[in-house]
Amino acid sequence: MKEIAPVQNDNIPPDASLTETLARVACLRDYEVRARQLLPRAIWSYLQCGAADGITSRWNEQALQDLPLWPRMLRGVANGSTALELLGRHHASPILIAPMAYHALAHRYGELATSQAAGAMQTGLVVSTQSSVSLEEVARNAHAPLWFQLYIQPHREITLDLIGRAERAGYQALVVTVDAPIQGLRNADQRAGFQLPPEARPVNLEPYAQQLNRTGAVEPGQSVFRHPLVAAMPDWASLAWLVRQTSLPVLVKGLIHPGDVEPALDCGIDGIIVSNHGGRMLDGVPATVHVLPGIVAAVGQRVPVLVDGGIRRGTDIIKCLARGADAVLVGRPVLHGLAVAGSTGVAHVLHLLRTELEMGMVLCGAASIADIRELGLLDSRMHDGGAVHAAAR
Ligand SMILES: Cc1cc2nc3c(=O)[nH]c(=O)nc-3n(C[C@H](O)[C@H](O)[C@H](O)COP(=O)(O)O)c2cc1C
Ligand SMILES: CCCCCCC(=O)C(=O)O
């Protein structure tokens, strides 16, 4: 295994020791502020910004903040636990790291640093098709449960090869992302002049470079409908085909409409991740926490439902689970921690979230993940202002 010294980080300013930096960081938001100060503007833009006007990206966070929690008292939660079983495996908490391209933009060890932190914190990591460290190298060095995020490729043989590589490398599940047949409209990146630097490359796809000689971006003057990726865009039949090609559990990521649940289940998938890609694809789609209950109802407990988008606090996790999610994925904060303090920063982000989750559970009277779902910690009546008094009578 490559040695990764957690303290080594080019991004930490010379006037602040790592200890000082970490001592001043109280919550995930502090990492965000610090990462923004440290990263070049164009890199920050790519890692942080939502598509177009960033409306959905803001809504994801705002919607979670706007949901009031309704805690229960005097329930005795000593010996509580955040543990759960997901797809037949034990997880220490309902937190996973969302798939994100190019961790090397945030830190020179990229996904190796992230996976080291994930292992230390017993947190599942979803490795992107567009990781900057190869899926095999991440797996060789990992101590965390790994899932592989797969973009269905324009050529079936490439998709098959990626599936085989993930299986052989020991990944435990495939996450098929379906909300990004082309790149979202990245106005902020355009303004900041973002271009991928040489150290951040889609290395997993390099063996197929000759067949994949194009990006997801739409060139000026080109009709979007004529883009080669649109011509090769996957459909439900592609997903059903993919599920038949692997023995691994397959989760579909990017569903937000309950009408898409039945077609997805018909394909034989094993889980759903409610996601709008952190608001990075189609701007103006609803916040994930708003659409979550509709999906959960449509699924009816046939497969696990996970959710991501805007989770910045342990209480956000409680809100998602109270609305029916089995687990959550966290995106940008992981990259913020990575940019500020490498693997230590990521581990700290995960630690902060886990601690906040446990504090929130204690203060809500929830001793287990099941309790969070069953205690009525969120209630639609809470949104009717005065009606809450009537509800309590
Ligand atoms: C920089 C960045 C790169 C991303 N790359 C991918 C990707 O390669 N595949 C994918 O399915 N989702 C990708 N996503 C979306 C995340 O998996 C996730 O849905 C989203 O970040 C969750 O929202 P949050 O960042 O507010 O937590 C990316 C997100 C970011 C911020
Ligand atoms: C064809 C879409 C590729 C997007 C890859 C990276 C990503 O998911 C993101 O930037 O968000």
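Helices (H or I, at least four residues) and strands (E, at least two) are DSSP runs, numbered from the N terminus. The model is predicted: local features need pLDDT of at least 70, side-chain atom pairs count only at pLDDT 80 or more, and totals for chains, interfaces and linings use all residues. Residues are numbered from 1 along each chain as its sequence is written, while chains are lettered from A and ligands numbered from 1 in the order in which they are written.

**Exercise 1. Place His277 and describe its surroundings.**

Step 1. Let's begin with the record: an unreviewed UniProt entry lists His277 under "active site". UniProt positions are given in the numbering used here, feature names are shortened, and annotations may be inferred rather than shown by experiment.

Step 2. Now find the residue in the fold. His277 sits in the loop between β8 (271–274) and α12 (288–299).

Step 3. Is His277 buried or exposed? A residue is buried if 20 or more other C-beta atoms lie within 10 Å of its own, exposed if 12 or fewer, and partly exposed in between, with C-beta atoms placed from the backbone. His277 is buried because 24 other C-beta atoms lie within 10 Å.

Step 4. Next come the contacts (C-beta atoms, placed from the backbone, within 7 Å). Leaving aside residues up to four places away in sequence, His277 touches Asp179, Ala180 and Gly254.

**Exercise 2. Repeat the analysis for Val303.**

Step 1. Val303 belongs to the loop between α12 and β9 (305–308).

Step 2. Val303 is buried, since 20 other C-beta atoms lie within 10 Å.

Step 3. Which residues does Val303 touch, not counting residues up to four places away in sequence? They are Leu265, Ile269, Asp270, Gly271 and Ile272. For Ile269, which is 34 residues apart from Val303 along the chain, the C-alpha atoms are separated by 8.1 Å.

**Exercise 3. Trace the barrel and fit α5 against it.**

Step 1. Follow the strands, which pair if DSSP finds at least two bridges between them. Eight of them form a closed barrel, β3-β4-β5-β6-β7-β8-β9-β10, with parallel pairing. From one strand to the next, the twist averages 30°.

Step 2. Look at one pair: β3 and β10 (residues 327–330) are joined in the parallel sense over three bridges, and Ile95 stands opposite Val328 in β10.

Step 3. Add helix α5 (residues 110–120), where nine of the 11 residues are buried. These buried residues pack against β3 (95–97), β4 (124–127), α6 (135–140) and α14 (332–364).

Step 4. Finish with direction, using axes fitted to C-alpha atoms (for helices over the stretch in contact) and angles from 0 to 180 degrees between N-to-C directions. Helix α5 lies across β3 and β4, running at about 160° to β4.

Terms used: Contact = placed C-beta atoms within 7 Å.
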